[in-house]
Amino acid sequence: MFSILIVDDEPDYRETLSLLFETLGYRTAQAGSAEEALTLLEQRFFPLVVTDMMMEGMSGIDLLKIVKADYSDEIEVIMVTGYGSIETAVETMKIGAFGYFIKSHDPAELRQEIEKAVECLEARKRKLIDSSQDSFVIGSRNPQMARIWALINKVADSNANVLITGESGTGKEIVAKRLHDLSSRRDRPFVPINCQSMPPGLIESELFGYEKGAFTGAGDRHIGKLEQGSGGTVFLDEIGDMSMDIQVKLLRTLENHQIERIGSTQSVDVNFRVVSATNKDIRKAVEEGNFREDLMYRINTFEIHIPPLRDRREDIPDFVEYFIRKYAAETGKYIRGMSDDTKNYLMNYSYPGNIRELKNIVERLVILASKDGILSLEDGRPESGAEGTEGGRVSHIESYKEAKRDFEIRYIRDVLKREGGNITWAAEAMGLSRRQLFNKIKELNIRVD
Ligand SMILES: Nc1ncnc2c1ncn2[C@@H]1O[C@H](COP(=O)(O)OP(=O)(O)OP(=O)(O)O)[C@@H](O)[C@H]1O
């Protein structure tokens, strides 16, 4: 249900608006001042704020300015005032209000404004979670993450280097791609490079390229990723794992905007923006002498920290819906809904592998869904019906904890079996790191053949 925050220092007027909006089918919350509204916005996400203009303390205009600065288009604001004038209406719209309503006017006008705003917010959301190949979930129902999306929108069209931090699977690469897509570099290449997966010798030639015959095995000239990304964005994933000597070379390139291919003495001008990501604590790496401080300052003009999925559970339903649509389209299956226990499981699970893990769980549920089109953990269990059931009915009710453990054991066993017992591959398929899977295997006492 759509939530509207009503801000007014007159309790009666707040109550009237609340009644009006609730009869229209919206959920409401009330704040008696702009200050209280800001506190509420920190705790819960309201896509729409309807605020009085003249209030004791901070005015509605001040509130509008702060909301637009912190959340930009993630939150729309409608300004309500007792004394309307064309000038104030124009002023509020210039600051970014979605609409304007004068208290003495017909409430039908306000209703229309609200409906327009809701339609606009929902259309934006639909566009963002459509199931086309390259789209992703953008925006958030979690206040902290909604602010991060607003910051992403703001810094995208600048040349500032951005460092994205956060646990594995939180969507750092998606954010990097979004920064690129929203920038004026969008028609030029987005070049991702994983600094962790490549052996140190290879990463240098991948980044800087080489001339024909530069070293044994160097066939034709190879254009490196930094040169390929010229005009566009280079995404340096897992930058915390970059070796010290490559860090020196990268820093030099960032300072003088030139590279030298290996085996060449000529410099080539390059103009790329760097977006980097790491799930390591880069400041600690600097303290421990594993990361250059000067490079850290170069790459993090802005730092964007993405919280883990378990700290923004409000977003789970949108992700689930998005991935169901994606995998239903891919598999050609018609999915009508999901069982209550599956919903509870998805809402309450801790997702150590974050969005990647949620994505893999939903993919699996869609693939294994039976003909009725209802997603069910029961279908997700390969050996379901084999034990603990009588005539298809569960003989005793397990505690939630037991059921979860049971699911995890079967799920991990099944994926391990499918990946031929290879823990690295199985971890990748599940959206976990190797270590996370290894710890789970130990904790659940699973035998790996
Ligand atoms: N906002 C999103 N919308 C749709 N899918 C998403 C979103 N964020 C992440 N994902 C999906 O989750 C998976 C992990 O995302 P991504 O690779 O960006 O995470 P990461 O933080 O870079 O992970 P790692 O640190 O392991 O490289 C990907 O498959 C991605 O498609």
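Two strands are taken to pair if DSSP finds at least two bridges between them. Helices (H or I, at least four residues) and strands (E, at least two) are DSSP runs, numbered from the N terminus. The structure is a predicted model, in which local features need pLDDT of at least 70, side-chain atom pairs count only at pLDDT 80 or more, and totals for chains, interfaces and linings use all residues. Residues are numbered from 1 along each chain as its sequence is written.

An automatic or database domain assignment supplies the domain bounds. The protein chain is divided into domain 1 (3-128), domain 2 (159-305) and domain 3 (310-443).

An unreviewed UniProt entry lists residues 3-118 as "domain: Response regulatory"; UniProt positions are given in the numbering used here, feature names are shortened, and annotations may be inferred rather than shown by experiment. Over residues 3-118, helix makes up 49% of the chain and strand 22%, while the end C-alpha atoms are 10 Å apart.

One open sheet has 5 strands in the order E2-E1-E3-E4-E5, with parallel pairing. Its edge strands, each pairing on one side only, are E2 and strand E5 (99-102). From one strand to the next, the twist averages 20° (axes are lines fitted to C-alpha atoms, for helices over the stretch in contact, and angles run from 0 to 180 degrees between N-to-C directions). Strand E3 (residues 48-52) pairs with strand E4 (residues 76-81) in the parallel sense over 5 bridges, and the bridge partner of Val50 in E4 is Ile78. Helix H1 packs on this sheet and touches E1, E2 and E3, its direction making about 170° with that of E2. Contact between two residues requires that their C-beta atoms, placed from the backbone, lie within 7 Å.

Strand E1 (residues 3-7) and strand E2 (residues 27-31) also pair in the parallel sense over 5 bridges, with Ile6 opposite Gln30 in E2. Together with helix H1 (residues 11-23), E1 and E2 make a right-handed β-α-β unit. A crossover is right-handed if, with the strands pointing away from the viewer, the path from the first strand over the helix to the second runs clockwise.

Another open sheet of 5 strands has the order E7-E10-E13-E6-E14, again with parallel pairing. Strand E7 (190-194) and strand E14 (302-305) are the edge strands, each pairing on one side only. The twist in this sheet averages 20° from one strand to the next. E7 pairs with strand E10 (residues 233-237) in the parallel sense over 5 bridges; Asp237 in E10 is the bridge partner of Asn194.
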